[in-house]
Amino acid sequence: MTWRDVMCGEPRAQDVGRTVALAGWAARRRDHGGLVFVDLRDRSGLMQLVVNPERAPAASELAKEIRNEFVLRVRGEIVARSPETVNARMPTGDVELQVDELEIVSRSTPLPFQLDEDGVDETLRLRYRWLDLRREKLQRNLRLRAQMVGIIRREMDAAGFLDIQTPILFKPTPEGARDFVVPSRLHKGRFFALPQSPQILKQLTMIAGFDRYYQIAICFRDEDLRADRVQEITQLDVEMSFPDREELLSLVERMFAAIWQECLDIEILTPFPRMTYAEADRRFGSDKPDLRFALEIEDFTDATRASEFEVFAGADAVRCLRVQRTYSRAELSALEDVVKERGAKGLAYLVRDAESGEVRSPIAKFLSEAELEVLRLEPGESLLFCADTWESTSRVLGHLRLHLARQLGLVDDGEFTFVWIDEFPMFEWDEDEGRWNAKHHPFTRPTDDWRDHFDVEPRAALAYAYDLVVNGNELGGGSFRIHEPDLQARVFDTLSLTAEEQRSKFGFLLDALAMGAPPHGGIALGIDRTVMVLAGEPNLRDVIAFPKNQAGLDPMSGAPSDVTRAQLDELGIALVEEPP
């Protein structure tokens, strides 16, 4: 028996007269006084079936039992729809199948939700993920993901990169997030870690002489979740020996241009513009700026040093956003709530009426004519200020900028603006631990200007690192790596790792670096995040087949789940606290 000759979404007008078999799910059933219409669905689309009792009495009788999500096999003739019943919204809308044979292959219990139902709770959708995945949107997203990964592999293979698989069970390494640890049964009391990334392993492939490596790698990070963050991520991991930055960035640009062209039929112009971290922070308050709209941050720190308004005069930085509209007090109060979400104490403002030219603000009386002149506030404009540390003004105004863009309709969802951000700080200070952390990771190379004295001025040192950003989304980042063992040890020293910790955690890497390590560098690009941007999805979990929920749980399988006392004993593990 042939289950199907064609997919449900394939028949067209030129197929009229063909007798074919189809198989799929009943998406909808309609009984029109004898004639039964069924929309049959598979991953390719929908096909309308017509079951006519005069043509197929046995099939017509069986069709009375069909319910949504029954699995059917049918055989019949493709016929043209009458002009008044053509459905232009369906690719198969010019034709339908007159059923001669019908088989109910599998039945469905009553559904916990309908596939076309709006407002279904996410936990319920994840609990029945196999059902949720039948929805057209998720089918589209996963097809898009598969298409994108195919393009990536084609481009990487064409550029001479080898697909090399690295271990999932590895050594715990401090690279930012918490590790997921896995107990060893054979070596009780010792643990593997699931890799946060194959960072060290891909460096070792370069030292091993493979020259060009890539992998579609699954990475694990035990961190708190958001709509755009999950604990299991998939990334394109890339590394090359004797790296040429222009060659590497050009390869990535060609690959993304091909993805956007083939997946969305959108031409992306290359090369992508470049911007330093300092410029992105100064103009947009973010290291992943959305460049689809202007609305840049303006700096009036120097102009307000002698201001009678003490908040301005005493702040490390006074910066603002200039908005081409006037706000009411109620609207300004709502915006103040927005900035308080990012730690601002309040929102200072100046509003100039469009008709009278009058300036409205509680702080206006403290500002001199000279200050107002420097601020250049035109009729119909508002200035929204943040006065604090530089870092705080960036955090607050960067967040407010995105909020205003959505509120004012400045964002074109059909536009894609790519940008490279480079010259990142090499380190960032951890107030809680009282030490420096690596901004990217501890194997990132300092720029040539900072190679000899990065450890003298860690706060100012710059790294040979770069991120790819589109529409305010960081798609990935990379760097050139340290290939000299003495330079790597100096970085570890700056991160307050003792000589014993360096040997314990990274001894094998230091040994490898001492045995003829070539210069090398690469990049890691988020597969999930890129599909999220391609599909226009706000939720990362909707581009992953079987994700955890926002609490890190799997409502479908119940993971993480209990294990038996016998399993714990076998692993040499005792629970300090019993699970609830």
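**View 1. Packing of helix α4 on helix α14.** Helix α4 (residues 136-158) packs against helix α14 (residues 527-535) at an angle of about 120°, with their axes 10 Å apart (axes are lines fitted to C-alpha atoms over the stretch in contact, with angles from 0 to 180 degrees between N-to-C directions). The two are therefore oblique to each other, that is, outside the ranges under 35, over 145 and 65 to 115 degrees. The model is predicted: local features need pLDDT of at least 70, side-chain atom pairs count only at pLDDT 80 or more, and totals for chains, interfaces and linings use all residues. Residues are numbered from 1 along each chain as its sequence is written, and side-chain values use heavy atoms, without hydrogens and water.

**View 2. Residues between α4 and α14.** Among the residues in contact (heavy atoms within 4.5 Å) are Arg140, Leu144, Met148 and Ile152 of α4 and Asp528, Val531 and Leu534 of α14. By class, this contact has 8 nonpolar, 2 polar and 3 charged residues.

**View 3. Packing of helix α9 on helix α11.** Helices α9 (residues 329-340) and α11 (residues 390-407) pack at about 135°, their axes 9 Å apart. Leu335, Val338 and Val339 of α9 meet residues of α11 including Val396, Leu400 and Leu404. The contact residues divide into 6 nonpolar, 3 polar and no charged.

**View 4. The largest nonpolar core.** This core (buried residues, under 20% relative accessible area with a 1.4 Å probe, joined through side-chain atoms within 4.5 Å) has 48 residues; Ile152, Phe256 and Trp260 are among those touching the most other members. Helix α6 (residues 245-264) gives the most, with 10 residues.

Notes. Buried < 20%, exposed > 50% of the residue type's maximum accessible area, 1.4 Å probe, protein only. Helix = DSSP H or I, 4+ residues; strand = E, 2+ residues; numbered from the N terminus. Nonpolar A, V, L, I, M, F, W, Y, C, P; charged D, E, K, R; others polar.
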